[in-house]
Amino acid sequence: MAIQKVGVVGCGLMGSGIAQVCAQAGCDVVVREVSEPLLDKGLKSIEKNLARLVEKGTLTTEARDQVRGRLRGTTKLEDLGDRDLVIEVIIEQLPAKKELYAALDNICSPETIFASNTSSLSITEMAMFTKRPGRFFGMHFFNPVPVMKLVEVIRTIASDNQVYEDLLAFAGKLGKTPVRTSDRTGFIVNRLLVPYLLDAIRVLEDGVASVEDIDNSMKLGCGHPMGPLTLLDFVGLDTTYYIANIMFDEFREKRFASPPLLKRMVMAGWNGRKAGRGFYDYSDPAKPRPLQLT
Ligand code: CAA
């Protein structure tokens, strides 16, 4: 089955990126947000990204106009009724997802494929909110979506094999490299990444090294594009804390347990770059100042 008409539910940081890459890949895209101001914000960030690509010469103005023509924003869920695939990118709360999928299940054709961009919730549990568990998958993109080449494509024990292959091919059409993974909390990337990020906090807590030296070590010693504490600020401390708690709940292993410092920073609202403060202080965004633990 060729996936041509795509719906994206949620136009925040991840949703807007997904809508953009789908439209750039030639799909007809409808992106839905709950309110006009939120939709406007998401569409503006897509415009900004496209403008940057035109400025760099990666995209012609004609191609940008075609992308714009393939992308439509809405606040009405009903506008997703004719989609081949709906990708859900809303808040990571099961009751909200349940309500959304129950509504989408009635609005969309039984043939429509549903895919959640969740990073930590169970795909199987969400699939059972619908009458189409065979056509329900995970499609986990990475931030920033237009840049990161990976998509984890997650199947469940109830998944239809052919539809899974179609979805993997679709991820390839987006210019991404899809990887196959099953429905285990954290999939591949977060299963490996989250313990590493939590360990970086433990190294800081234990007084082994400073924020800057931990980050420089992994950047310069291992060739990572960002050090772990910079990456934590980038992903969001609240997000990481939330994912770690779900993983700990699933596996009951110490390596997924949040260090006390992470919990304290989340309690203080020091959630990273978006909050202006995390392991770095971003008062001067050009020169972030590392946290000093006394
Ligand atoms: N949107 C679109 N393009 C962006 C962008 C954004 N938000 N941020 C950067 N870019 C583009 C830039 O325009 C630039 O493009 P060109 O090479 O064509 O000029 C390119 O990315 C590199 O950007 P910069 O030179 O400004 O900065 P950089 O070299 O430091 O790269 C980065 C920035 C791509 C974010 C890089 O630091 C990186 O790869 N960091 C690691 C990110 C990462 O690990 N993401 C995964 C997080 S985990 C997750 O998302 C899943 C989860 O469940 C938690």
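Q: What makes the place of Pro144 a loop?
A: Pro144 falls between β6 (136-140) and β7 (150-155). Helices (H or I, at least four residues) and strands (E, at least two) are DSSP runs, numbered from the N terminus. The model is a predicted one, in which local features need pLDDT of at least 70, side-chain atom pairs count only at pLDDT 80 or more, and totals for chains, interfaces and linings use all residues. Residues are numbered from 1 along each chain as its sequence is written, and side-chain values use heavy atoms, with hydrogens and water left out.

Q: What makes the peptide bond between Asn143 and Pro144 worth noting?
A: That bond is cis, with omega at about -5 degrees. Most peptide bonds are trans.

Q: How do you know that Asn143 belongs to the surroundings of the ligand?
A: Asn143 is listed among the closest residues, together with Arg52, Lys56, His140 and Asn190. The shell holds 18 residues, where a residue is near a molecule or strand if one of its heavy atoms lies within 4 Å of it.

Q: Which side chains make polar contacts with the ligand, and what makes the pairs count?
A: A polar side-chain atom of Arg52 is 3.0 Å from a nitrogen atom of the ligand. For His140, the distance from a polar side-chain atom to an oxygen atom of the ligand is 3.1 Å. A side-chain N or O atom of Asn190 lies 3.0 Å from an oxygen atom of the ligand. A polar contact is a pair of N or O atoms within 3.5 Å (within protein, one must be able to donate a hydrogen and the other to accept it, and residues adjacent in sequence count only if both atoms are side-chain atoms), so these pairs qualify. The protein covers 59% of the 1000 Å² of accessible area that the ligand has on its own, by the Shrake-Rupley method with a 1.4 Å probe.

Q: Which helices and which domains supply the shell around the ligand?
A: At least two residues of the shell come from each of α2 (36-56), α7 (189-205) and α9 (228-235). Domain 1 (5-182) and domain 2 (190-290) each give at least three; their bounds come from an automatic or database domain assignment.

Q: How do you know that the two domains touch?
A: Eight residues of domain 1 are in contact with five residues of domain 2, and contact means heavy atoms within 4.5 Å. The C-alpha centres of the two domains are 27 Å apart.

Q: Why is Thr118 called buried?
A: Thr118 has a relative accessible area of 0%. Buried means under 20%, exposed over 50%, and partly exposed in between (1.4 Å probe, protein chains only), so Thr118 is buried. Thr118 lies in the loop between β5 and α5. Its side chain reaches the backbone nitrogen of Leu121 at 3.0 Å, and a polar atom of that side chain is 3.3 Å from the backbone nitrogen of Ser120. Beyond four places in sequence, the contacts of Thr118 include His140 and Phe187.

Q: What makes Phe187 unusual in its backbone, and is Phe187 buried or exposed?
A: Phi of Phe187 is near 50 degrees, a positive value in a residue other than glycine. Most residues other than glycine have a negative phi. Phe187 sits in the loop between β8 (177-182) and α7, and its relative accessibility of 6% makes it buried.

Q: How do you know whether Arg252 is buried or exposed?
A: Arg252 has 57% relative accessibility and therefore counts as exposed. Arg252 is not a glycine, yet its phi is positive, at about 55 degrees. This residue is in the loop between α10 (237-251) and α11 (260-267).

Q: Why is Ser120 called buried, and what does it touch?
A: Ser120 has a relative accessible area of 2%, so it is buried. Ser120 shares no helix or strand, being in the loop between β5 (113-116) and α5 (123-127). Outside its neighbours within four places in sequence, Ser120 is in contact with Glu92, Thr185, Tyr242, Ile243 and Ile246.

Q: Where is Ile243, and is it buried or exposed?
A: Ile243 is in helix α10, and at 5% relative accessibility it counts as buried. Not counting residues up to four places away in sequence, Ile243 touches Ser119, Ser120, Asn190 and Val194.
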